[in-house]
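Thanks, everyone, for making time this morning. I would like to walk you through a few local features of one model, so please keep the sequence and the structure open as I speak.

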Amino acid sequence: MNDVDLMTKIVSLCKRRGFIFQSSEIYGGLKSCYDYGPLGVELKKNIAAEWWRSMVYEREDIVGLDASIMMQSDVWKASGHLAGFNDPLVDCLNCKERFRADKAPKQEPGTEVEFLTGGKSSGKKISGVVASCGYVCPSCGSSNLSPERQFNLMFRTSYGAIDPLNSFVDKISEENLSKEELRSELERCVQSSAVYLRPETAQAMFVQFLNVQQTTAMKVPFGIAQIGKSFRNEIITEHFVFRSCEFEQMEMEFFCEPGTQAEWLDYWRQARVDWYRKFANEPDNFKLRRHESDELAHYSDDCYDIEYLYPWGWDELEGVASRTDYDLTKHAQASGAKLSYFDPQKPDPKTGKNGWRYVPYVIEPAAGLTRAVLCYLLDAYCEEKGVDAKGLEKTRVFLKLNPKLSPIKAAVLPLVKKDGQPEKARSIVKKLQSEGLNVRYDESQSIGKRYAKHDEIGTPFCITVDKESLDDDTVTVRNRDTCKQDRVAIDEAIAMVIKAVRS
Ligand code: GAP
């Protein structure tokens, strides 16, 4: 299977089986916005629940937060997002493609390049020379490009019941303004009520540092974890849910003593890559890559990406950054709040006396939840060649998801829809549901088709109830990965499912 095929198959399976749909599809869709269907929402929730379990429930040093998506605009001013959360935007003057300069194909300045007018296959072949920018259009290869301009990725909206455009209309009807004056007047009116959809969940954890620390009496080192939606007006959206404008993040800010950040970065980068590998069939498809010094964000003194081997190559899944004391310092300066920590036991390095007040340093593992959904779907997709009952060649498709991540943990199937089999099957469903598991009763279609459906959606076990089940309380348990069927007592079947999901 080639790489393009795999992505096409995943996208098709996601729609066909109800994992991920195009947003507003019946109206033609909204580009790069996605809805998680009945199975997708379960897969996403299961990944999030495992993350929360490993970050919060299984540790004494991390607590959770669920902050609002909209925050005071001053937050984004202080964090640097208003001035600097930009991508370099370029328009191709030949084919009209809009693209990110930093992602465009590189070409030596001065190189002669050939491309088709309008970027269309029926266009005339013309040539151009690569300018000092050193790249060409990713779509048509043209060197005929607009200058780069900075595009802020934050979505801006207006807060409150006053339409900011009203005061603008008043102003322009009174005065004869130039184009520049109009622009700055419009900006002033809009800015007065502007709020932004957060582009990362991280900032709330810095802004609420004091409240969380004081209410929980957490001692440094400690962390704050959060899962939630983030929004970026991406210039390029690509590879299905890999890069979209609305997505979910799982971020944790770990506050530590200055000077210990390198040690904690080592700890967290390893812990995080191990976490992904634990649920994967191909653990080697997750790796760590250290940032080159010229890649580091201005607030970071070291950073690793956890990368996954996607069909298009290695690419980012999570960043684990050492963010220094940048964020707390900036928010303290801008808000006047004392975002620091006092350790009465530690000697102050300046005085040598016990009692040290310092601004904690931060290690931040920042994961994309919706990106992780894609990784685990890619990791799980399997095709197996075989023959059917008539001896014809067939391909079995199954999602070899870790049972902890599987949307449905077990399907309970009566062989026939009569003779007390549905009632028996439903009683097994009830027992599994009482354990808090998402299981399904399924009596539609032939048993073979039901197995095929549950293979394709990653259900690890199919429990079949037949005539014998009514006599001796046994069932057949079919394993998704091996197709092996075992005859076991109902209680044993239930224990099997619980063990696979919980251990
Ligand atoms: N607080 C740091 C931060 O947000 P980031 O590298 O910009 O760092 C963290 O984002 C993770 O969020 C990325 O590794 C990626 O998994 C996910 N992410 C970022 N932009 C995304 C987008 N447009 N669509 C889907 N996931 C995205």
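**A sheet, a helix pair and one threonine**

Let me begin with a single pair of residues: Thr157 has Val195, in S11, as its bridge partner. I should say early on that what you are looking at is a predicted model. The pairing around these residues is antiparallel, with three bridges joining S10 to strand S11, which covers residues 194-197.

Stepping back, these strands belong to an open sheet of three strands, ordered S4-S11-S10 and paired in antiparallel fashion. Strand S4 (70-71) and strand S10 (156-158) stand at the edges, and because each has a single partner strand, one side of each is left without a neighbour in the sheet. Lying across S10 and S11 is helix H6, residues 179-192, which runs at about 70° to S11.

Now to the helices: H2, residues 38-57, packs with H11, residues 369-380, at an angle of about 110° and with the axes 10 Å apart, and the two are therefore roughly perpendicular to each other. From H2, the residues Leu43, Lys44, Ile47 and Ala48 meet Leu369, Thr370, Ala372, Val373, Tyr376 and Leu377 of H11. The residues of this contact comprise eight nonpolar, one polar and one charged.

Finally, is Thr476 buried or exposed? This residue, placed in strand S25 (residues 474-479), counts as buried because its relative accessibility is 13%, with the cut-off for buried set at under 20%. Leaving aside neighbours within four places in sequence, Thr476 is in contact with Cys462, Ile463, Thr464, Asp466, Gln485, Asp486 and Arg487.

Notes. Residues are numbered from 1 along each chain as its sequence is written. This is a predicted model: local features need pLDDT of at least 70, side-chain atom pairs count only at pLDDT 80 or more; totals for chains, interfaces and linings use all residues. Side-chain values use heavy atoms; hydrogens and water are left out. Helices (H or I, at least four residues) and strands (E, at least two) are DSSP runs, numbered from the N terminus. Buried means under 20% relative accessible area, exposed over 50%, partly exposed in between (1.4 Å probe, protein chains only). Contact means heavy atoms within 4.5 Å. Two strands pair if DSSP finds at least two bridges between them. Axes are lines fitted to C-alpha atoms, for helices over the stretch in contact, and angles run from 0 to 180 degrees between N-to-C directions. Angles under 35 degrees count as roughly parallel, over 145 as roughly antiparallel, 65 to 115 as roughly perpendicular and the rest as oblique. Ala, Val, Leu, Ile, Met, Phe, Trp, Tyr, Cys and Pro count as nonpolar, Asp, Glu, Lys and Arg as charged, and the others, Gly among them, as polar.
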